[in-house]
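Let's take a friendly walk through one protein model, beginning with a single residue and then stepping back for a wider view. Keep the picture open as you read.

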Amino acid sequence: MINFEALFKVSYGLYIVSAGNEKSGNGFISNTVFQVTSEPPQFAACCNKDNLTASFIQQHKGFAISVLSQDTDTTLFGKFGYKSGKNTDKFQGTDKKTGTLGTPVVLNDTIAWIECKLVTTFDVGSHLIFIGEAVHAEVLDERAEPMTYAYYRTVKKGLSPKNAPTYIDKSKLQKKVEVQQAARYQCPACGYIYDPVKGDPDSGIKPGTSFEDIPDTWVCPVCGTEKADFYKMDS
C-alpha cells in the first residue's frame, strides 16, 4: 500500500525549463530539476515525452532553467504549467532573453537562471531525463526566496500538471465523496475556487450557475487555466 501523501514529503523546487532558439521555442513548469555533479556542474531536468519542450531540447541540444521566486505570479503557472505549446505561444507577452547557446530564458519572477548544453538523455518510460552541463548562470535577485513545491501546494493551493512526473490523481489522496449538486471546482494552477453560489459575474457567469453549465471556453479569471483542468472539491 502506498500513502501518496508520503511522496509529497520529498522536497522540490519549482522552475521553468525552456528550450529552442530566437525564432521558436517552448517551456514548461518543472519540479524535477536538480544538480547531479559539481565538476563540471551538471543538471538533470525531467520532461514528459509528450511535452513540446522535449523535442526542442533534443533538436537544439540544450535547455535553460529559470529558478522561480516564492512570489511568482499565478498566471505564469497557468501559462507554462497548464497550457500546451502546441496550441499557444507561451513566450508571447513573456519577458525573456537569449542565452549564450541561443536558448530562450524566461525572466518573469526569476531569481536566477542556468543555461545548459545537452550531454546525455535517459529514457525512463513516460519521461525523458536530460542531463546538461552548465555553460552560463546568473543571479537576478539575491534577496528573493525560491519557490518550493511544498509552498506551491500549501500556500498557493496548486497541484502538479498531468504531465509532471510527480502528478498524482487527486482521487487517490482521499476517499471519494458523493457528488453534490452545487459542487465547487478549484483551479490546479493558482487555487482559485469557482463557487456556483457566486458565479463569475466579471466573465458573464451569473450566480447560481453550476460548473457543468459554464461554457467550455471559460477560463480561470485569475490565471487563465482552462475549464477542463479544474477539479471538483470534496467539500
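Start at isoleucine 193, which sits in strand 11, the stretch covering residues 193-194. This is a predicted model, and everything below describes that prediction.

Is isoleucine 193 buried or exposed, or partly exposed? With a relative accessible area of 32%, isoleucine 193 counts as partly exposed, because buried means under 20% and exposed means over 50%.

Which residues does isoleucine 193 touch, if we leave out those up to four places away in sequence? Its partners are Arg184, Tyr185, Gln186 and Met233. Try finding tyrosine 231 as well: isoleucine 193 and tyrosine 231 are separated by 38 residues in sequence, and their C-alpha atoms are 9.7 Å apart in space.

**Backbone details**

Now for the backbone. Most residues other than glycine have a negative phi, and most peptide bonds are trans. With that in mind, three places in this model are worth a look.

One of them is the peptide bond from glutamate 39 to proline 40, which is cis, with omega near 0 degrees. Proline 40 belongs to the loop between strand 3 (33-38) and strand 4 (41-48).

The other two places are residues with a positive phi, set side by side here:

| Residue | Phi | Loop between | Relative accessible area |
|---|---|---|---|
| Lysine 61 | about 60 degrees | helix 2 (52-60) and strand 5 (62-68) | 53% |
| Aspartate 109 | near 55 degrees | strand 7 (104-106) and strand 8 (110-123) | 31% |

Neither lysine 61 nor aspartate 109 is a glycine. Lysine 61 is exposed, because its 53% is over the 50% cut-off. Aspartate 109, at 31%, counts as partly exposed, since that value falls between the 20% and 50% limits.

**The whole chain**

Finally, step back. How many helices and strands does the protein chain have? There are 4 helices and 12 strands.

The protein chain holds 235 residues, and 46% of them count as buried. Its accessible surface comes to about 12,600 Å², with 49% of that area belonging to carbon and sulfur atoms.

What about contacts between residues at least 6 apart in sequence? Of these, 63% join residues at least 24 apart. The contact between isoleucine 193 and Met233 is an example of two touching residues that you can look for yourself.

Methods: Residues are numbered from 1 along each chain as its sequence is written. This is a predicted model: local features need pLDDT of at least 70, side-chain atom pairs count only at pLDDT 80 or more; totals for chains, interfaces and linings use all residues. Side-chain values use heavy atoms; hydrogens and water are left out. Helices (H or I, at least four residues) and strands (E, at least two) are DSSP runs, numbered from the N terminus. Buried means under 20% relative accessible area, exposed over 50%, partly exposed in between (1.4 Å probe, protein chains only). Contact means heavy atoms within 4.5 Å. Accessible areas come from the Shrake-Rupley method with a 1.4 Å probe; for residues, only the protein chains shown count as cover.
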